[in-house]
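Reader: Please take a close look at how the side chains meet one another here, and at the strands that carry them. I would like every cut-off stated once, so that I can repeat the calculation myself.

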Amino acid sequence: MKRLLSLMALMMVFALSQVSEAKGIDGKWTAEKMQRGKETRQVPKGLSITLEFAPRGKFKATMAKSQEDGTTKSDTQKGTWKVKGDVLSTTVREKVEEMKFMVQGKTLILVKVGKDEKLFLKRVK
């Protein structure tokens with residue numbers, strides 16, 4: 001019985017640490033600018049990138065692009081997310097992508113692991 005209680009306590013500590021590590025990232029974010037190397041530029045006009053990090057590890061990424069005829073073409077992908085330290089992992093269709101992240105006020109900065117690329121997002125919700 002003591003062993004079971006110890007195991008349950010350990011699981012609760014692990015779950016609470018996951019929540020505290022992810023604090024600040026949950027919500028809806030819209031991309032504002034991108035950086036590759038030393039070059040930073042705004043997200044091109046007519047392009048929208050939105051990331052949503054929901055409770056319980058649900059993830060949704062939507063990219064929408066305005067077409068010349070006035071319509072919008074969009075693609076939404078759903079998956080899961082988790083945080084360990086300063087590394088965010090997303091899984092969509094069995095493809096795992098890892099990136100370092102920082103939350104500074106209402107800005108989320110994602111840095112591709114192993115690449116000199118950053119995405120700056122603004123909190124929407």
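Author: Three accessibility classes are used below: a residue is buried under 20% relative accessible area, exposed over 50%, and partly exposed in between, with a 1.4 Å probe and protein chains only. This is a predicted model, in which local features need pLDDT of at least 70 and side-chain atom pairs count only at pLDDT 80 or more, while totals for chains, interfaces and linings use all residues. Residues are numbered from 1 along each chain as its sequence is written, and side-chain values use heavy atoms, with hydrogens and water left out.

As for confidence, pLDDT (the predictor's confidence in each residue, from 0 to 100) has a mean of 84 over the protein chain, and 82% of the residues reach 70 or more. Over residues 1-21, however, pLDDT stays under 50, and for this stretch the model has five contacts (heavy atoms within 4.5 Å) beyond four places in sequence.

Side chains of opposite charge can pair when their charged atoms come close. The structure holds five salt bridges, each being a side-chain nitrogen of Lys or Arg within 4 Å of a carboxyl oxygen of Asp or Glu. One of them joins R36 and E117 at 3.2 Å, N to O; this pair links distant parts of the chain, since R36 lies in strand β1 (residues 27-36) and E117 in strand β9 (residues 117-123), 81 residues apart. Strands here are DSSP runs of E with at least two residues, numbered from the N terminus. R36 counts as exposed because its relative accessibility is 60%. Another of the salt bridges is formed by E39 and R41, at 3.5 Å from N to O, and E39 is classed as partly exposed because its relative accessibility is 47%.

The pair of K60 and E52, with 3.7 Å from N to O, can be placed within the strand pairing, for which DSSP must find at least two bridges between two strands. β3 and β4 run antiparallel over eight bridges, and E52 stands opposite K60 in β4. Both residues are partly exposed, because K60 has a relative accessible area of 28% and E52 one of 26%. Three residues lie between the strands of the β3 and β4 hairpin, where R56 takes a positive phi near 65°. β4 is in turn joined to β5 by nine antiparallel bridges, and K65 has K73 in β5 as its bridge partner.

A polar pair without a salt bridge label involves S89, in strand β6 (residues 87-92). The side chains of S89 and E98 make a polar contact at 3.4 Å, that is, a pair of N or O atoms within 3.5 Å in which, within protein, one must be able to donate a hydrogen and the other to accept it, residues adjacent in sequence counting only if both atoms are side-chain atoms. S89 counts as buried, because its relative accessibility is 9%.

Turning to nonpolar side chains, a core is a set of buried Ala, Val, Leu, Ile, Met, Phe, Trp, Tyr and Cys residues joined through side-chain atoms within 4.5 Å. The largest such core has 19 residues, of which F53, L88, L108, L110 and L121 touch the most other members. β3 gives the most to this core, with three residues. Leaving aside residues up to four places away in sequence, L110 touches several residues, including L51, L88 and E117.

Technical notes
Helices (H or I, at least four residues) and strands (E, at least two) are DSSP runs, numbered from the N terminus.
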